[in-house]
Amino acid sequence: MRHKTENLTRLIMDNFQVGDWWITFKLEETVPVKEFKEEYSRMIRHMRGFYRKHGIDLRYIAVHENLTGRGRLHGHIIIPALPGVQFAQMKREMEKAWKLGDCHFKPYEGKCMDARKLAAYMTKEDVLTTKLNEKEKALREKADVKKLDAEIKELKSKRSRICPSKNLIRTKAVKKQITKAETYRDEIKAPKGYRVVTQLSYNGYTADGHPYQHAVFERTG
């Protein structure tokens with residue numbers, strides 16, 4: 001789960017910046033999943049055409065929520081802001097594209113932790129991890145975990161479906177093997193022009209017992 005969230009965080013960072021749009025599209029009335037997916041495809045085609053009129057290929061990462069289990073169907077999508085297109089025009093265009101309900105816009109703030117929060121929300125990592133940790137603690141205390149099991153099962157059944165566009169930039173994490181033990185240090189230092197994102201950086205050990213370091217840097221300039 002953590003690797004999925006880390007990869008999605010990188011994908012968001014590589015493709016979106018401060019001022020882009022995080023949009024929630026809702027339903028006024030309950031519709032079958034098939035109809036929801038068909039309307040979503042129409043929405044993407046409409047917005048793709050709108051972006052082409054402005055000389056830009058639409059890039060996006062969307063997520064469909066509550067495709068199974070309880071809860072009302074809805075979705076989210078992050079898309080780039082269009083130069084010269086004001087919020088009111090963008091909102092009108094999105095409302096033309098999505099005909100099943102309201103659309104709510106929120107500006108994406110563009111920092112590394114903003115990308116991490118979006119990625120964790122899309123994958124439901126934080127909520128599920130919390131419940132799993134609660135269950136582990138309850139088992140150590142020999143408490144009843146039936147209620148937690150039911151909550152975990154429901155969370156897994158409501159796992160969202162992530163739908164990225166095919167034209168996204170996809171970079172890979174850089175891996176560097178340290179061959180001399182004396183060159184390894186626990187302290188994580190950022191290269192010049194970057195800062196360490198401490199919330200996402202950590203030290204650990206491989207399955208073979210070798211130390212490793214996961215470092216995330218964010219450009220300061």
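**Exercise 1. Which residues of α2 are buried?**

Solution. In α2, the buried residues are F36, E39, Y40, M43, I44, M47, F50 and Y51. Buried means under 20% relative accessible area, exposed over 50%, with partly exposed in between (1.4 Å probe, protein chains only). The model is predicted: local features need pLDDT of at least 70, side-chain atom pairs count only at pLDDT 80 or more, and totals for chains, interfaces and linings use all residues. Residues are numbered from 1 along each chain as its sequence is written, and side-chain values use heavy atoms, without hydrogens and water.

**Exercise 2. Why do the buried residues of α2 line one face of the helix?**

Solution. Start with the rule. An α-helix has 3.6 residues a turn, so residues three or four places apart point the same way. Now look down the axis of α2. Its buried residues fall within an arc of 150 degrees, so they line one face. The arc is taken from the directions from the helix axis to the C-beta atoms. Next, turn to the face away from the buried side: it carries the exposed residues K34, R45, R52 and K53. Last, find the cover. It includes β1, β2 (61–65), β3 (74–79), α3 (87–97) and β5 (161–164). Contact means heavy atoms within 4.5 Å.

**Exercise 3. How many residues has helix α2, and how far does it reach from its first C-alpha to its last?**

Solution. Helix α2 covers residues 33–53, which is 21 residues. It reaches 31 Å, close to the 30 Å expected at 1.5 Å a residue. The expected span is 1.5 Å times one less than the number of residues. After α2 comes G55, with a positive phi near 75 degrees.

How values were computed. Helix = DSSP H or I, 4+ residues; strand = E, 2+ residues; numbered from the N terminus.
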